[in-house]
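Q: Hey, can you walk me through this one? I'd like to start at one end of the sheet and work inwards.
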Amino acid sequence: MSTYISAESLGHSFHDNWLFKNLTIGINRGRRVALVGVNGAGKSTLLKILSGYINPTEGKVAQAKGLKVGYLEQDPHFKDAVTISDYIFHADNKQQQLIRRYEELMENDPENMKELEKVMADMSEVDAWEYEYKIKTILGRLDIHHLAQRISILSGGQKKRLALAKLLIEDPEIYILDEPTNHLDIDTIEWLEKLLTEGSKTILMVTHDRYFLDNVCNEILEIDRGKVIPYVGNYGYYLEKKAEREASDEASFQKNSQLLKKELEWMRRQPQARGTKSKARIDAYYDLEAKTKSHNTKQDVELSVKIARQGNKIMEMHHVTKGFNGNTYIKDFSYIFKKGDRIGLAGRNGSGKSTLLNLITDSLKPDSGEIVKGETTVIGYFNQAGLAFKEDERVIDIVKNVAEFITMADGKQISASALLTLFLFPPAKQYGMVAKLSGGEKKRLHLMSILMKNPNFLILDEPTNDLDIDTLNVLEEFLTTYPGILMIVSHDRYLLDKMAEQLFIMEGNGGVRIYNGNYSSYRLELEESKQAAKKPAPAVSAPVVEIPKKSKLSFKEEKELQGLEKDIADLEDKLKTTSEQLNSTGLDAKKIQELSESIAKLNSQIDEKSMRWMELSELKEA
């Protein structure tokens, strides 16, 4: 198995602190590897080093000759690109430039038939249509439209999706991905999951999304106290083996501690005669001492705060409607919140999830209807905007601005500093500037400042972004026993399944469906409905004549539909020919393998194009 990237004796320091030292790593072709570890362990830094984005403080990285590396960073940079088109399409790629010209004409000048026909003929000449379909599919699934838009006006989420789109279009030999699911809705994450597991892609990634990690990766590398520990298997296997390793480490630590005590007694005897002691035994003592000292008791974030008393009336929404710029996001929605509600919000990006939360928190007023909040209801809103702070503000100031002393779940009061320590902010960090914290640390501090207010109605909007998996596990443990109302918006399907017993599904055009069950149950029901819809309709005794409806397709989509019909027919002809070749006699093993791979690829292309054809056909007849 060929090695794409290898690293030897890697070490890297940041602000005079060593993130890791003496790491040796090899990424082989076809492996799908996840890098896991606590916030601050150096995961993102290691990705940057292995991708060649930065140089390590120590050691060296070797890449296979001519290796095509695709690197998706957490906060992408776009160099000199001004518009989306500038960034997506390479100037020296003839196919891409023709596709760019075609897309610009279709969007801005679709009636220019002379120019369109010329570009379409040129595209046919260089076999660019299948490539154009691939680019269009990727951009559409990542909600990227209007290619003339300036990158500078895009939101952080749009920029991340744009960088991911370019990576998928380029299809590198190795994908190096830093939190690829951030800013994606669940449908898009599931599509990306399938895309990355097709074929034999080579992937190295950091993600906090455990379902995504479990479904995509077949190997785990854990960074733990500056060392890399490999696990060959998915995330479930990693958790099982890690638990076994930690139990073994604890047993070894206890054994070493007892032995060290005995050796220490021996070392202390007759100090004047130490020179005559066995050198081997002295060396063994120091080795044992080093091993025992390296055992650090793992610290976890502690989430434990008192919640405010909750009355019988919590919150009522009566016939609430809200819209912006002619679009209705919430339409005639009613719900009476009750004790024990644990609600997940699901829906595509832009479907109205944040609008509903802002109505509940009174940040927005409804256009019609009313929202009545109970007198004892205390809302804690952990939102995507994150922590508001000044550049010269210290970590401890954030906490003291809320309260000097905090009441815990057991009724005891502790100081702001003590609470920070429970949230893994040691004194050195407490008196440091908030601006110097990592993304995950800022998230943790934001969460802490909200829980300090003892809310009995907790709203979490994408809480998993930038948090390491260990902190997420602690958060989940806290939420499992949280006695107040819980509302959660998350693209993390694992979190929704574990925390939500009911869903508000934003269906678009203002519709909000209330579903009793978790996210996996909802997806299963959707899949069963799709399968039922595919079954042939029962025969009817007489044909039903319908009046033809005016097509709802744009000129561009009409052209695409016509092209798909031809493409599918051509692919089916190729499939038939290739299948006949495979069934002929006298083929060697290599030829059989080639033909089998061609058949699999053709079937995949037919399925993909057929789905798009059905989508456009339904839209045309709607």
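Q: Which residue does M506 stand opposite in β20?
A: M506 sits across from V512 in β20. This is a predicted model, where local features need pLDDT of at least 70 and side-chain atom pairs count only at pLDDT 80 or more, while totals for chains, interfaces and linings use all residues. Residues are numbered from 1 along each chain as its sequence is written, and side-chain values use heavy atoms, with hydrogens and water left out.

Q: How many bridges join β19 to β20?
A: There are 6 bridges, and β19 (residues 502-508) and β20 run antiparallel. Two strands count as paired if DSSP finds at least two bridges between them. Strands (E, at least two residues) and helices (H or I, at least four) are DSSP runs, numbered from the N terminus.

Q: What's the strand order in the open sheet?
A: The order is β14-β17-β18-β12-β19-β20, so to speak a row of 6 strands with mixed pairing.

Q: Which strands stand at the edges?
A: Those are β14 (379-382) and β20 (511-516). Each has a single partner strand, so one side of each has no neighbour in the sheet. From one strand to the next, the twist averages 15°; angles run from 0 to 180 degrees between N-to-C directions, and axes are lines fitted to C-alpha atoms, for helices over the stretch in contact.

Q: OK, now β18. Is it buried or exposed?
A: β18 is mostly covered, with 5 of its 5 residues buried. Buried means under 20% relative accessible area, exposed is over 50%, and partly exposed is in between (1.4 Å probe, protein chains only). I485, M487 and V489 point one way, and L486 and I488 the other way.

Q: And what pairs with β18 in the parallel sense?
A: β12 does, over 4 bridges, with R342 opposite L486. β17 does too, over 5 bridges, and there D461 faces V489.

Q: Switching to helices: which strands does α16 lie across?
A: α16 (residues 469-481) lies across β12 (342-346), β17 and β18 (485-489), at about 150° to β17. Contact here means heavy atoms within 4.5 Å. Buried residues in α16 include I469, L472, L475 and L479.

Q: What span should α16 have?
A: Its 13 residues should span 18 Å at 1.5 Å a residue, and the end C-alpha atoms are 19 Å apart, which agrees. The expected span is 1.5 Å times one less than the number of residues.

Q: What unit do β17, α16 and β18 make?
A: They make a right-handed β-α-β unit. Right-handed means that, with the strands pointing away from the viewer, the path from the first strand over the helix to the second runs clockwise.
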